[in-house]
Amino acid sequence: MSFVEYGDTIKDGDTAIVFLGHESMFPVKVQHGTVTQTKYGVIRHSTDLIGKKYGSKVTCSKGGWVFILHPTPELWTMNLPHRTQILYSTDISIITMMLELKPGSIVCESGTGSGSLSHALIRTVAPTGHLYTVEFHQQRAEKAREEFREHGVEHLVTVTNQDVCKNGFGVKNVADAVFLDIPSPWEAIGHAKSALKAEGGRICSFSPCIEQVQRTCLAMEEYGFTEINTLEILLRVYNVRTISLQIPDLGKAAEDNSSTGFDSSNPSNQGSPCANLQQGTVQFKSGVPLREMVGHTGYLTFATKSLF
């Protein structure tokens with residue numbers, strides 16, 4: 001199993017996603033002889049998982065069933081163990097696009113955190129690119145190395161435990177893009193410039209506070225970055241539902257129905273528009289936004305390394 005090389009069959013040692021519903025799923029490490037408890041009953045790894053195809057419908061001991069899915073960066077973002085605050089797919093998608101990432105790109109990242117963005121970056125630059133990720137916290141760095149190894153992507157990523165503001169990324173003039181998610185990104189702009197290729201590259205900084213953005217933009221200008229711009233991505237979800245609205249009384253509906261010989265007692269006419277006019281309401285599908293929505297996550301500041 002690998003997050004970048006998809007397989008058909010569930011194997012011992014794989015990380016799989018147990019899908020109970022759109023709002024209920026969780027990751028599980030497949031191990032021979034192990035069982036997993038769900039609200040629908042027990043899943044026995046040896047008989048229910050190993051050897052089955054990803055996407056299979058598995059019946060649990062109580063008669064309920066779940067789907068077993070191959071992990072992807074998107075599913076991992078929704079189910080990973082949180083060691084820090086993470087970036088979600090809304091921000092991740094614009095980051096990968098605005099940094100102009102593609103297979104073969106070299107990316108420097110700080111900090112690694114829970115690895116949500118890291119997995120998406122690795123999938124984007126695979127199979128010939130590489131991610132250099134720096135994490136200040138030693139235990140988080142060790143846990144990230146372990147997860148990358150379990151997920152079959154350790155050959156595409158190098159994890160370094162150090163302070164990026166003092167020691168940089170450990171590489172120079174190799175990166176196509178740099179991403180910063182640290183409390184003081186302005187202190188790492190010089191190291192980011194050194195890590196980027198001599199012929200240029202892109203940088204992105206994620207900060208929750210506008211004061212951080214202001215200081216980061218000033219530092220980018222000081223180090224000669226151009227095309228500096230800051231944006232914020234907000235996700236608005238809509239529910240589709242059936243609603244009823246009253247038909248306005250225009251004064252001629254009853255006369256028109258009688259003149260055309262419309263018979264509302266005829267079953268064949270019950271579903272017609274005229275029947276709705278007689279009842280005074282009409283039903284249709286409508287998209288309605290949720291009453292509560294995810295608000296501010298952070299500001300994304302992008303810039304380009306100048307060639308001069």
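Helices, of at least four residues (H or I), and strands, of at least two (E), are DSSP runs that are numbered from the N terminus. The model shown in these views is predicted.

**Figure 1. The hairpin of strands S3 and S4.** Strand S3 covers residues 35–38, and strand S4 covers residues 41–44. The two strands run antiparallel and are joined by 4 bridges. Between S3 and S4 there are 2 residues, and together the strands form a hairpin. One of the pairings links Thr36 to its bridge partner in S4, Ile43. In a regular strand, side chains alternate between the two faces of the sheet. S3 shows this alternation: Thr36 and Thr38 point to one face and are buried, whereas Val35 and Gln37 point to the other face and are not buried.

**Figure 2. The salt bridge between Lys29 and Glu150.** A search of the whole structure finds 6 salt bridges. One of them joins Lys29 to Glu150, with the closest N and O atoms 3.5 Å apart. Lys29 belongs to strand S2 (residues 24–29) and Glu150 to helix H5 (residues 138–150), so this pair ties together parts that are 121 residues apart in sequence. Lys29 is partly exposed because its relative accessibility is 38%, a value between the limits of 20% and 50%. Glu150 is also partly exposed, with a relative accessible area of 27%.

**Figure 3. The salt bridge between Arg123 and Glu74.** In this pair the closest N and O atoms are 2.5 Å apart. The salt bridge ties together parts that are 49 residues apart in sequence, because Arg123 lies in helix H4 (residues 116–125) and Glu74 in helix H2 (residues 73–79). Arg123 has a relative accessibility of 30% and counts as partly exposed. Glu74, at 36%, also counts as partly exposed.

**Figure 4. The salt bridge between Glu147 and Arg83.** The closest N and O atoms of Glu147 and Arg83 are 2.9 Å apart. Glu147 is part of helix H5, while Arg83 sits in the loop between H2 and helix H3 (89–98), so the pair ties together parts that are 64 residues apart in sequence. Is Glu147 buried or exposed? With a relative accessibility of 4%, Glu147 counts as buried, since buried means under 20% relative accessible area. Its partner Arg83, at 24% relative accessibility, counts as partly exposed.

**Figure 5. Two cis peptide bonds, at Gly111 and Pro127.** Most peptide bonds are trans. The bond from Ser110 to Gly111, however, is cis, with omega near -5°. Gly111 is placed in the loop between strand S7 (106–110) and H4. Another cis peptide bond joins Ala126 and Pro127, and here omega is about 5°. Pro127 is located in the loop between H4 and strand S8 (130–135).

**Figure 6. Positive phi values at Glu100 and Asn173.** Most residues other than glycine have a negative phi. Glu100, which is not glycine, has a positive phi near 60°. This residue lies in the loop between H3 and S7. Glu100 is exposed, with a relative accessible area of 55%. Asn173, again a residue other than glycine, has a positive phi near 55°. Asn173 is in the loop between helix H6 (164–167) and strand S10 (177–180). With a relative accessible area of 48%, Asn173 is partly exposed.

**Figure 7. The nonpolar surface patch that includes Val237.** Leu235, Val237 and Leu290 make a nonpolar surface patch of about 230 Å². Val237 is found in the loop between strand S12 (225–231) and strand S13 (238–246). The relative accessible area of Val237 is 39%, so this residue is partly exposed.

**Figure 8. The surroundings of Leu69 in strand S6.** Strand S6 consists of residues 65–69 and contains Leu69. At 23% relative accessibility, Leu69 counts as partly exposed. Which residues does Leu69 touch, not counting those up to four places away in sequence? They are Ala16, Ile17, Phe19, Tyr54, Gly55 and Leu75. By contrast, the C-alpha atoms of Leu69 and Gln162 are separated by 35 Å. Along the chain, Leu69 and Gln162 are 93 residues apart.

Terms used: Residues numbered from 1 in each chain as written. Predicted model: local features only at pLDDT ≥ 70, side-chain atom pairs only at ≥ 80, totals over all residues. Heavy atoms only, no water. Buried < 20%, exposed > 50% of the residue type's maximum accessible area, 1.4 Å probe, protein only. Pairing = 2+ DSSP bridges. Patch = residues over 30% accessible without salt bridge, like charges linked within 9 Å, V, L, I, M, F, W, Y side chains within 5 Å. Areas by Shrake-Rupley, 256 points an atom, 1.4 Å probe, with all protein chains shown as cover. Salt bridge = Lys/Arg side-chain N within 4 Å of Asp/Glu carboxyl O. Contact = heavy atoms within 4.5 Å.
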